[in-house]
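Please open the model in your viewer and keep the sequence panel beside it. The tour below proceeds by selection, one stop after another.

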Amino acid sequence: METKSENACFGGTQGVYTHASSSCACDMTFGLFLPEETKDGPVPLLWYLSGLTCTHENAMTKAGAQAWAAEHGIALCFPDTSPRGDDVADDEGYDLGKGAGFYVNATEKPWAPHYRMWDYVMEELPTLLGEHFALDMDRQSITGHSMGGHGALTMAMSPRGQFRSVSAFSPITNPTASDWGRKQLTAYLGTDEELWSPHDATRCMRVHGFDGPMLIDTGTDDQFIDLLKPEALAEAAAARRQQIQFRMQPGYDHSYFFVSTFMEDHVAFHAEHLWA
C-alpha cells in the first residue's frame with residue numbers, strides 16, 4: 001500500500017492510499033479519514049459509496065462529512081467507484097465502465113476480469129483497513145449517494161450482516177425496473193434476471209429487509225427521480241414494516257449541495273448505532 005497524501009483535517013487525518021487489488025486485478029485508490037481518537041485506539045468505521053462518474057475524491061472533498069465524523073469520533077472510508085487502468089474495459093457512456101462499477105461482481109465480457117466491486121468493498125478493502133489502521137471492524141455502517149446509495153442498500157441487506165446501520169442519499173432503489181439499471185445489470189451480469197435480484201434494493205427489501213435502522217433522503221426536485229424510483233422502496237419497506245426513516249426533502253436535487261445539507265443527519269444517525 002502506498003500513501004498518496006495525508007492532510008490534517010478537523011483534528012484528525014484525511015489520507016489517500018493506493019494498493020494493488022486482487023479483486024479488481026488493478027491498482028485501486030481510496031480515501032480514509034481518521035479522527036483524533038485513533039491515537040488512543042480503534043474507532044468505528046462509516047463507509048461512503050459514491051455515484052456515477054465519481055472517484056474516491058468527490059465525496060471526500062464535497063460532502064463535508066469529516067467535520068461531523070470528527071465530532072462523533074468515527075472514521076470514514078471513500079472507495080473508488082470502479083477499477084481503473086489502461087487495460088480495464090470502458091464504455092463511451094458515462095453510466096457503464098469506468099466510474100460506473102455499480103458495486104457488483106461482473107460475470108460477462110469484457111467486464112468480468114476487473115469489475116468486482118462487490119468483493120472489493122465487502123471483503124478485500126475491509127481486510128486491508130483492519131490490518132493497517134486503528135479501526136474497530138466489528139463496528140461498521142454504510143451510506144452512499146445515487147449509484148452508491150444502491151450499493152450501500154444492497155450490501156447492507158446481504159445475508160452477511162456486516163453493517164449496523166445503513167443510509168442513502170438519492171439511491172437507485174429499483175434498478176431491475178428502470179432503464180437506469182437494466183442496461184448495467186445486463187452488461188455486467190447477463191440476461192438472467194434472477195441474478196440481478198441481490199443488486200436491487202426493493203427486491204432485497206421484499207425478501208429479507210435489513211436487521212437494523214435505515215435512513216433514506218431523496219430530493220423532490222431530483223432530476224433523476226423517475227429513474228431512482230424511491231416510491232418502490234418505500235412501498236416495500238412499509239409492507240415489510242421495516243425500521244426506516246424515509247424522507248422526501250422539498251426543493252432539493254441530485255447534487256452534492258443536497259448531500260452536504262443532510263450529511264450531519266446521516267453521520268449522527270450512524271454514530272448513534274456504531275457507538276451503541
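**Stop one: a tyrosine pair**

Begin by selecting tyrosine 115, which counts as buried because its relative accessibility is 1%, against a cut-off of under 20%. This is a predicted model, and that should be kept in mind at each stop. Add tyrosine 188 to the selection; tyrosine 188 likewise counts as buried, at 1% relative accessibility.

How many aromatic pairs does a search of the whole structure find? The search finds eleven. In the pair now selected, the ring centres of tyrosine 115 and tyrosine 188 lie 5.6 Å apart with their planes at 25 degrees, so the pair is stacked. The pair links distant parts of the chain, 73 residues apart, since tyrosine 115 sits in the loop between strand 5 (75-79) and helix 3, while tyrosine 188 belongs to helix 5 (residues 179-189).

**Stop two: the nonpolar cores**

Keep tyrosine 188 selected and display its contacts: leaving aside residues up to four places away in sequence, tyrosine 188 touches, among others, Leu96, Phe102, Val104, Trp111 and Tyr115. Then widen the view to the largest nonpolar core, which has 61 residues, and in which Phe30, Leu129 and Tyr188 touch the most other members. Colour helix 3 (residues 117-132) next, as the largest share of this core, eight residues, comes from that helix. Apart from this core lies another, of 22 residues, including Cys9, Phe169, Val259 and Phe262.

**Stop three: an aromatic cluster**

Select Phe169, Tyr252, Phe258 and Phe262, which together form one aromatic cluster. Within that selection, tyrosine 252 and phenylalanine 262 form an edge-to-face pair, with 5.0 Å from centre to centre and 70 degrees between the planes. Tyrosine 252 lies in the loop between strand 9 (244-249) and helix 9 (256-274), and phenylalanine 262 lies in helix 9, so the pair ties together parts that are ten residues apart in sequence.

Are the two partners buried or partly exposed? Tyrosine 252 counts as partly exposed, at 28% relative accessibility, whereas phenylalanine 262 is buried, with a relative accessible area of 10%.

**Stop four: strands 7, 8 and 9**

Now select strand 8 (residues 214-219), where six of the six residues are buried. Met214, Ile216 and Thr218 point one way from strand 8, and Leu215, Asp217 and Gly219 point the other way. In a regular strand the side chains alternate between the two faces of the sheet.

Add strand 7 (residues 166-169), which runs parallel to strand 8 and is joined to it by four bridges. Two bridge partners can be picked out here: valine 166 is partnered by methionine 214 in strand 8, and alanine 168 by isoleucine 216. Val166 and Ala168 point one way from strand 7, with Ser167 and Phe169 pointing the other way, and all are buried. Finally add strand 9, which runs parallel to strand 8 and is joined to it by six bridges; methionine 214 stands opposite isoleucine 244 in strand 9.

**Stop five: threonine 18**

For the last selection, move to strand 2 (residues 12-21), where threonine 18 is found. Threonine 18 is buried, with a relative accessible area of 14%. Its side chain makes a polar contact of 3.1 Å with the side chain of threonine 29. Displaying the neighbours of threonine 18, apart from residues up to four places away in sequence, brings up Met1, Glu2, Lys4, Asp27, Met28 and Thr29.

Definitions and conventions
Residues numbered from 1 in each chain as written. Predicted model: local features only at pLDDT ≥ 70, side-chain atom pairs only at ≥ 80, totals over all residues. Heavy atoms only, no water. Core = buried A, V, L, I, M, F, W, Y, C linked by side-chain atoms within 4.5 Å. Buried < 20%, exposed > 50% of the residue type's maximum accessible area, 1.4 Å probe, protein only. Contact = heavy atoms within 4.5 Å. Phe/Tyr/Trp six-rings, centres within 6.5 Å; stacked < 30°, edge-to-face > 60°. Pairing = 2+ DSSP bridges. Polar contact = N/O pair within 3.5 Å; in protein donor to acceptor, adjacent residues only side chain to side chain.
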